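Please walk me through this structure, beginning with how its helices pack and ending with a few single residues.

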Amino acid sequence: MKKIAVFCGSSIGFNEVYKNEAIKLGAYFVEKNIGLVYGGGKIGMMGVIADTMMEKNGQVIGVIPHLLKHEEVAHNNISKLIVTKTMSTRKVEISKLVDGYIALPGGFGTLDEIFEALTLGQLGIERKPVGILNTNGFYNHLLKQLDTMVTEGYLKQSNRDMLLVSNTIETLISKMFAYKAPKQTKVINKVVRL
Ligand code: AMP
């Protein structure tokens, strides 16, 4: 994996443990020569991981929609800032660049982005690994909700299993490297080709 998209909060959160993990992930990417693709902001968790990697001469590509490119939000000191017309074209740009996706703690924006990546995987449009770095059990309740979706018949276990989870960076990345996308049914393949 040469480049990974990281979706994470535009806020920093109340507990320092999350910020520290973002710093650790940024340092890990630089050490392993993995480029970061992210939302292009300089605020919150986004700013922390981007700053960490820039300080260590890592590769940081921001993809930001035009409407968010205010002076106080967009990061001007990264390797490359791509400005897109809309929020949805931003997602397409990000997906063109990356080999996988990771979510750190965040809010609605983070959930929207990681679930879009999972939906693309579920439909077989993409076959890239999608992981959650579950620092401090931040996503435990969300993961329980996914299990409820399986038991209530709204989510296939095989699709639930696409989501890779770990509370350590090393384990998550090695799961992502080993990831094999599930085989899609013929019906789904047909829908995707339409
Ligand atoms: P949230 O989790 O709601 O804080 O939203 C963070 C995610 O949505 C990030 O991964 C970004 O891609 C995107 N996002 C939300 N707000 C901003 C912002 N002000 N600047 C850049 N990206 C943002």
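An angle between two helix axes counts as roughly parallel under 35 degrees, as roughly antiparallel over 145, as roughly perpendicular from 65 to 115, and as oblique for the rest. The model shown here is predicted. Two packed helices are described by the angle between their axes and the distance between the axes.

Begin with helix H1, residues 16–31, and helix H7, residues 169–178. The two pack at an angle of about 50°, and their axes are 11 Å apart. H1 and H7 are therefore oblique to each other. The crossing in which H1 passes H7 is right-handed. On the H1 side, the residues that meet H7 are Glu 21, Lys 24, Leu 25, Tyr 28 and Phe 29. On the H7 side they are Ile 169, Glu 170 and Ile 173. Sorted by class, this contact of H1 with H7 has five nonpolar residues, three charged residues and no polar ones.

Helix H1 also packs against helix H2. The axes of H1 and H2 come within 8 Å and cross at roughly 35°. Here too the crossing is described as right-handed, with H1 passing H2. H1 brings Tyr 18, Lys 19, Ala 22, Ile 23, Leu 25, Gly 26, Ala 27, Phe 29 and Val 30 to this contact. H2 brings Met 45, Val 48, Ile 49, Thr 52 and Met 53. The residues of the contact of H1 with H2 divide into 11 nonpolar, two polar and one charged.

Next comes the nonpolar interior. The largest nonpolar core has 53 residues, and the members that touch the most others are Val 6, Phe 29, Tyr 101, Ile 102 and Leu 104. Helix H2, which spans residues 44–55, supplies the largest share of this core, with seven residues. Phe 29 has been named before: it is one of the H1 residues that meet H7, and it is also among those in the contact with H2.

Another residue of H2 is Met 54. Apart from residues up to four places away in sequence, Met 54 touches Val 60, Asn 77, Ile 78 and Ser 79. Phe 108 lies 54 residues from Met 54 along the chain, and the C-alpha atoms of the two are separated by 26 Å. Beyond H2, in the loop that leads to strand S3 (60–65), is Asn 57. Asn 57 is exposed, because its relative accessible area is 73%, above the 50% that marks an exposed residue. Asn 57 has a positive phi of about 60° although it is not a glycine. Asn 136 likewise has a positive phi of about 60° without being a glycine. Asn 136 sits in the loop between strand S6 (130–133) and helix H5 (140–151).

Is Thr 84 buried or exposed? With a relative accessible area of 7%, Thr 84 is buried, since buried means under 20%. Thr 84 belongs to strand S4, residues 80–84. Leaving out neighbours within four places in sequence, Thr 84 is in contact with Val 63, Ile 64, Pro 65, His 66, Thr 89, Arg 90 and Glu 93.

Leu 97 is found in helix H3, residues 87–97. Leu 97 has a relative accessible area of 25% and is therefore partly exposed. Its contacts, with neighbours within four places in sequence set aside, are Lys 3, Val 37, Ile 61, Val 63 and Ile 82. Val 63 is thus in contact with Leu 97 and also with Thr 84. Gly 35 is 62 residues from Leu 97 along the chain, and their C-alpha atoms are separated by 9.9 Å.

Finally, consider the start of the chain. Met 1 is in the segment before strand S1 (3–7). Met 1 is partly exposed, with a relative accessible area of 22%. Which residues does Met 1 touch, not counting those up to four places away in sequence? They are Ile 34, Asp 99, Gly 100, Pro 129, Ile 173, Met 176 and Phe 177. Of these, Ile 173 is also one of the H7 residues that meet H1. Met 1 and Lys 32 are 31 residues apart in sequence, with a C-alpha to C-alpha distance of 9.8 Å. Helix H7 also holds Ser 174, which is partly exposed with a relative accessible area of 43%. Ser 174 and Leu 123 are 51 residues apart in sequence and 24 Å apart in space, C-alpha to C-alpha.

Note on methods. Residues are numbered from 1 along each chain as its sequence is written. This is a predicted model: local features need pLDDT of at least 70, side-chain atom pairs count only at pLDDT 80 or more; totals for chains, interfaces and linings use all residues. Side-chain values use heavy atoms; hydrogens and water are left out. Axes are lines fitted to C-alpha atoms, for helices over the stretch in contact, and angles run from 0 to 180 degrees between N-to-C directions. Helices (H or I, at least four residues) and strands (E, at least two) are DSSP runs, numbered from the N terminus. A crossing is left-handed if the near helix is turned anticlockwise from the far one by less than a right angle, and right-handed if clockwise. Contact means heavy atoms within 4.5 Å. Ala, Val, Leu, Ile, Met, Phe, Trp, Tyr, Cys and Pro count as nonpolar, Asp, Glu, Lys and Arg as charged, and the others, Gly among them, as polar. Buried means under 20% relative accessible area, exposed over 50%, partly exposed in between (1.4 Å probe, protein chains only). A nonpolar core is a set of buried Ala, Val, Leu, Ile, Met, Phe, Trp, Tyr and Cys residues joined through side-chain atoms within 4.5 Å.
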